[in-house]
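Colleague: I'm new to this one, so please zoom in on a single part for me. By class, what does the lining of the largest pocket have?

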Amino acid sequence: MMWERIKKSKQGLGLILFILIVMMLGIFAPIFTPNDPYKTNLVMKFQAFSMEYPLGTDHLGRCILSRLIYGIRPTLFLAIVTMVGTILIGSLMGILSGYFKGWIDELIMRIVDVMLSFPSQIMIFAVIALLGVNVINVILANIFIKWAWYARMIRTKVLQYREKDYILYSRCIGSSGWYILIKHLIPNISSDLVVLATLDIGWALINISTLSFLGLGVQAPTPEWGAMLSEAKNFMTTNPVQMFAPGVAILLTVSAFNLLGDVMRDILDPKEVIK
C-alpha cells in the first residue's frame, strides 16, 4: 500500500532515484572513480578541471571527484546507520511509554525530559570528549542525543492509536499487549516512522559532516565531505573552487532527503496537508 502511493508521485520517485544513484556511486566507488582518492602528487596540486581530473585536484594533488565519490560512504552511510539506531531506540522507548503508561511512562518520560533539556551539540561534544574521537563514538553520540526526541514523538502517536475501537476490541477478546503492539500499533505508526526518519536523515548527515569538519569525526586521509571542507577552508582565498564540490554535495543530498520527507508526509498522511 505504501509503495503504491509512492509510485503515483513523480517527485517522490525522482528524489528516491537521485538518492539511490548517490548510494550506488558510494557502494561501487572503485568502478566510478577516475583516480585513486588517496594518491598524493604535490606537483599536480590545484589542477583545473580536465579529462583526467574532472573536478580538479586538491592541495595535495588528489583527485577531488574521486574523493567526493568515496566520501559518500562515510558521509551518507554513517548518517543512515545513525538514523536507524536512533529510530530503533527512540521507537522502542516511545512505544513502551505510550502503550503501557503508568510507572514505565513516568520513568521514560522523565529521562527524555532530562535529555531534551541539554543543548544537543554540547551533549554530542561531551560524549565524544568522554569516549574519544572515532567513527563509532560519533555514531553513539548522535544516537545518544537524538533518541529522546523520537521517543516523545512516537509516544504521542501511540497515545492517539491506543484508544481506537479496534484496539479496545482486541483487548476485550483477550489479546496480549505484545500481540496488539505487533499486529495493530506498530503497523499504524510505521508511516510516521518513515516520514520522521526521512526528514531527519539530513540532520544526521549534517551532524556527521560538522563533526568531521571540526576534526572530531572521520579522520584524514579518509575522504569525507565534512573533512574535505575542513581541508579546503585553509585555501579559501587562493583556491576557493576546492570547497564547491563537497559543499554542493552536502547541500544537494540534505535537500533531497528533506524534500523527500515532505513528499512522504504528503503521500502517507494526506489528511495532514493544508489545502
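Modeller: By class, that lining has 15 nonpolar residues, 2 polar ones and no charged ones (Ala, Val, Leu, Ile, Met, Phe, Trp, Tyr, Cys and Pro count as nonpolar, Asp, Glu, Lys and Arg as charged, and the others, Gly among them, as polar). Keep in mind that this is a predicted model, where local features need pLDDT of at least 70 and side-chain atom pairs 80 or more, while totals for linings use all residues. Residues are numbered from 1 along each chain, and side-chain values use heavy atoms, without hydrogens or water.

Altogether 17 residues line the largest pocket (lining means an atom within 4 Å of a point on a 1 Å grid; a pocket is an open set of points where a 1.4 Å probe fits, with protein on both sides within 12 Å along at least five of seven lines). Nearest its centre lie Val 194, Ala 197, Thr 198, Phe 257 and Leu 260. As for where the walls come from, helices H2 (10–27), H5 (72–100), H10 (177–213) and H12 (241–268) each give two or more residues to the lining (a helix is a DSSP run of H or I, at least four residues). H10 supplies the largest share, with 6 residues. The volume of this pocket comes to about 350 Å³, counted as the space filled by probe spheres set on the grid points, which are joined across faces, edges and corners.
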